[in-house]
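Colleague: Please take a close look at the second largest pocket. Which residues line the second largest pocket, and which elements give two or more residues to the lining?

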Amino acid sequence: MTGQVRTVDGRVAGRRGQATRQKLLDCLSEMLSSSPYRDVKVIDVARKAGTSPATFYQYFPDVEGAVLEIAETMAKEGATLTDLVAGRSWTGKAAWQTSEELVEGFLAFWRKNDAILRVVDLGAAEGDKRFYKIRMKILNSVNNSLADAIKDLQSRGRVGKDVNAAAVAGSLVAMLASVAGHQKGFQSWGVKQSELKPSLALLVHLGVTGKKPTR
């Protein structure tokens, strides 16, 4: 870990303290993947980490505070999603490859962080501004770059001026997030991952370029 890590009362945590704090976060992350967020208690997290509730409260005010720490770290990792769009080509065969890689990267990120993203979505849906900001930070990493890509195509006469780049980009990102959070559900509809990805990439390609892909 880099930088100074402080306890709830403002003291700088030493290496041992930092390791304990990280272990608590790791155990909480693991528990979120198997238990409903509301059912996770401080005593259970502390026990799993091999420490006491008192130690937990040295580093976090409550479970929600620890969850926000995990979510913030995840959001920072999500900033790399920008690389799936920014500076990429959206013309010719390259546009199809960009669409495929965006879908692959977005779905993979959601699968990796499924448990914490479910909590973030829940908090955002309930109106918690802290979770809402984290969710938007992740989505904006793709949304802003997609909107810029569409505007670039418009400036070169490849997409009509009547297209609202921000609206299209926002719609595509909302679709990606919804599908990403429902990946397991597609199996009950008889849709395999190998079938889902190209179908989603097709919609992204059509949305950005307004054309069928050249493969």
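Modeller: A pocket here is an open set of grid points with protein on both sides within 12 Å along at least five of seven lines, and a lining residue has an atom within 4 Å of a point. The model is predicted.

With that cut-off, the second largest pocket is lined by Ser 33, Trp 110, Arg 111, Asp 114, Arg 118, Ala 180, Gly 181, His 182, Gln 183, Lys 184, Gln 187 and Gln 193. Two or more of these residues come from each of α5, α6 (114–125) and α9 (183–188). The largest share belongs to α9, which gives three residues. Sorted by class, the lining has six polar, four charged and two nonpolar residues. The space in this pocket is about 230 Å³.

One lining residue, Trp 110, also takes part in a helix contact. Trp 110 belongs to α5, where Leu 102, Phe 106, Phe 109 and Trp 110 meet Ile 138, Leu 139, Val 142 and Leu 146 of α7. The residues of this contact are eight nonpolar, no polar and no charged. As for the geometry, the axes of α5 (residues 92–112) and α7 (residues 129–155) come within 12 Å and cross at roughly 170 degrees. Angles over 145 degrees count as roughly antiparallel, so α5 is roughly antiparallel to α7. Trp 110 is therefore listed both in the lining of the second largest pocket and in the contact of α5 with α7.

The α6 side leads to a salt bridge. Glu 126 pairs with Arg 38, and their closest N and O atoms are 2.6 Å apart. Glu 126 is in the loop between α6 and α7, and Arg 38 is in the loop between α1 and α2 (42–48), so the salt bridge ties together parts 88 residues apart in sequence. The structure has 12 salt bridges.

For reference, the largest pocket holds about 270 Å³ of space. Its lining has 11 residues, and those closest to the centre are Gln 22, Leu 25, Glu 69, Ile 70 and Thr 73. Here the elements that give two or more residues are α1 (15–32) and α4 (63–78). The lining of the largest pocket divides into five charged, three polar and three nonpolar residues.

How values were computed:
Residues are numbered from 1 along each chain as its sequence is written. This is a predicted model: local features need pLDDT of at least 70, side-chain atom pairs count only at pLDDT 80 or more; totals for chains, interfaces and linings use all residues. Side-chain values use heavy atoms; hydrogens and water are left out. Axes are lines fitted to C-alpha atoms, for helices over the stretch in contact, and angles run from 0 to 180 degrees between N-to-C directions. Helices (H or I, at least four residues) and strands (E, at least two) are DSSP runs, numbered from the N terminus. Angles under 35 degrees count as roughly parallel, over 145 as roughly antiparallel, 65 to 115 as roughly perpendicular and the rest as oblique. Contact means heavy atoms within 4.5 Å. Ala, Val, Leu, Ile, Met, Phe, Trp, Tyr, Cys and Pro count as nonpolar, Asp, Glu, Lys and Arg as charged, and the others, Gly among them, as polar. On a 1 Å grid over the protein atoms alone, a cavity is a set of points where a 1.4 Å probe fits but cannot get out, and a pocket is an open set with protein on both sides within 12 Å along at least five of seven lines; lining residues have an atom within 4 Å of a point. Grid points are joined across faces, edges and corners, and a volume is the space filled by probe spheres set on the points. A salt bridge is a side-chain nitrogen of Lys or Arg within 4 Å of a carboxyl oxygen of Asp or Glu.
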